[in-house]
Amino acid sequence: MTKQVIAMYLRLSGEDRDASKNESNSIANQRQLILDYIQSNKALSKCEVREFVDDGVSGARFDRMAFQEMIGQVQNGEIQIIITKDYSRLGRDYLEVGKYMECLFPLLHVRYIAVNEHYDSDNYAGRTGGMEIGIKNIVNMMYSRDASKKVMAARKVLTEQGKFIGSFAPYGYVKSPEDKHKLIPDPEAAEVVRRIFTLAAEGKKYKEIARILNETGVETCLDYQKSHGRERKHGTEIKVHQWSATTVMDILYNEVYIGTIVNNRIAHNQRTGYKSKRRKPEEWTVVENCHEPIVSRELYEAAHEKLDRKGQAKKVRSGNLPARLFLCGCCGHALIKRHGKYKCPANLNPAELNCSRVRMDAEVFENTVLTYIRVTAESFLQDLEKKRKMKQEAQRNELDVEVIRQKIKKLENRRFQAYDDYTREKLSREEMRSLRDKLQEEIKVLEEMLAAREKEQAELSHAPDVSEEELTVLAGLSVFDIKAIRVLVKNITLFEDGNIEIVWNADDFLRDV
């Protein structure tokens, strides 16, 4: 029999960490509690254990990275048992938690255990967990909303006091060791910030300032944080970091460098579904003289006078730019389209990287990409048709699967009956053994048939995120439509030798084509 897999799911939210101060909810304590439970159960202790952790993520949302990874493995038939400390670790939205506990897990034959709630779905066979579970899940949701309100109220007080509430200090500052809500200048980075403002006051534009910083070997913001032990995760994979006009602009328009804290620019909470929403400037909370400034107000205003702020204001990012699609194969930066060509804008040392050679005629590039897209979309469509036929066959086999299970059950009952007949002297020992061996052979054959059918169904359960309608549009695409291409493509990389590499959004599906 295949070894079962246990998913040990651990979660800690900001509310748990900051609002309740409850040490029993810590990741380490959740892990130890569940491991102790597994070891105390003879059957569970023989299973493989996989750990999934969402640290600092609210239970009111279900797009948690580790949670979605776990559910994906559940849907692929890789996980048979899920264990959490209690219901609230699974989530705090009682409707969503109920959907998983009462619908998805039973449908996928997944056993769910909540240790502190003394709940084991195997002990609720054929019925729901009852009113007690529903009430507890409602209480968990109410707790989440109450904790969220308290945290928001506390943040509101801090913002009105001019406290810094960001997760990371802006470039040029570090958080004070005595007070995490107060910024103090970072001498080395602060000198770079002053240099940027000085160059701007001298009349240099964004690109000129970026070029000067790159030529003089000044570490970028990310590289500086990394070299000083304060590495932050970056959403894009860029091989070579360099100062850009956008980074320079962000620094020049950040009032934090004159001692001013601006909070409440973005709204993101339960009421907005955790989606970021940019507030109007009049709704921002602005407090001056909150910490030691890096640049004087005179220098700040002189730089903006030269930059002509009104003329440049439209270039400030809205925070809603689409993900990078076309990449340089040398440095990883996004390509730009200019003068009828796609090329890398990075101004790097040609002795180290050949970014200057990463370029292609726009018409050739777009036609090549279109051809790739159409051919691949057509392959996807053909594979969808193939899988549709296989699923129809699998659906016809579902009845066979149930019939096989019933036959196995009857044979097992007959094996037990044979022993009972022996104890009642209706069969001799030799007759009982012969009959049991024969029945066991029949059961073995049926179990092999059942395993094969169930494997077929599991393989067909995985489906791509791309719909047939979208694939049909892409297969007949005649115009270079970036929005349509993004449906199927994650990114496209152009190399110096003219080769193009495409990373698809449906790689798992593509491997089956």
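A residue is counted as buried when its relative accessible area is under 20%. By this criterion, buried residues constitute 37% of the 513 residues in the chain of this predicted model. The secondary structure of the chain amounts to 17 helices and 17 strands. Of the contacts with a separation of 6 or more, 67% are between residues 24 or more positions apart.

Helix α2 comprises the 14 residues 27-40, for which a rise of 1.5 Å a residue predicts a span of 20 Å; the end C-alpha atoms are 20 Å apart, in agreement with that expectation. The buried residues of this helix include I27, Q30, I34 and I38. Viewed down the axis of α2, the buried residues fall within an arc of 65° and therefore line one face of the helix. Such an arrangement can be read against the helical repeat: an α-helix has 3.6 residues a turn, so residues three or four places apart point the same way. The other side of α2 carries Q39 and S40, both exposed. The packing partners of the buried residues of α2 are the strands β1 (5-12), β2 (48-55) and β3 (81-84), together with helix α4 (87-90).

Helix α11 (residues 297-307) was examined in the same manner. Y300, A303, H304 and L307 are buried in α11. Because these buried residues fall within an arc of 95° when seen down the axis of α11, they line one face of the helix. E298 and E305, by contrast, are exposed on the other side of α11.

Packing between two helices is illustrated by α7 (residues 187-201) and α10 (residues 245-252), which meet at an angle of about 95° with their axes 10 Å apart. This angle makes α7 roughly perpendicular to α10, since values of 65 to 115 degrees are assigned to that class. On the α7 side, the contact is made by V193, I196, F197 and A200, and on the α10 side by V248, I251 and L252. Classified by residue type, the contact of α7 with α10 contains seven nonpolar residues, with no polar and no charged residues.

A further position considered is E470, which belongs to helix α15 (residues 468-475). The relative accessible area of E470 is 31%, so this residue is partly exposed, a class that lies between the limits of under 20% for buried and over 50% for exposed. E470 and V487 are separated by 17 residues in sequence, and their C-alpha atoms are 7.6 Å apart in space.

Notes
Residues are numbered from 1 along each chain as its sequence is written. This is a predicted model: local features need pLDDT of at least 70, side-chain atom pairs count only at pLDDT 80 or more; totals for chains, interfaces and linings use all residues. Side-chain values use heavy atoms; hydrogens and water are left out. Helices (H or I, at least four residues) and strands (E, at least two) are DSSP runs, numbered from the N terminus. The expected span of a helix is 1.5 Å times one less than its number of residues. Buried means under 20% relative accessible area, exposed over 50%, partly exposed in between (1.4 Å probe, protein chains only). The arc is that of the directions from the helix axis to the C-beta atoms. Contact means heavy atoms within 4.5 Å. Axes are lines fitted to C-alpha atoms, for helices over the stretch in contact, and angles run from 0 to 180 degrees between N-to-C directions. Angles under 35 degrees count as roughly parallel, over 145 as roughly antiparallel, 65 to 115 as roughly perpendicular and the rest as oblique. Ala, Val, Leu, Ile, Met, Phe, Trp, Tyr, Cys and Pro count as nonpolar, Asp, Glu, Lys and Arg as charged, and the others, Gly among them, as polar.
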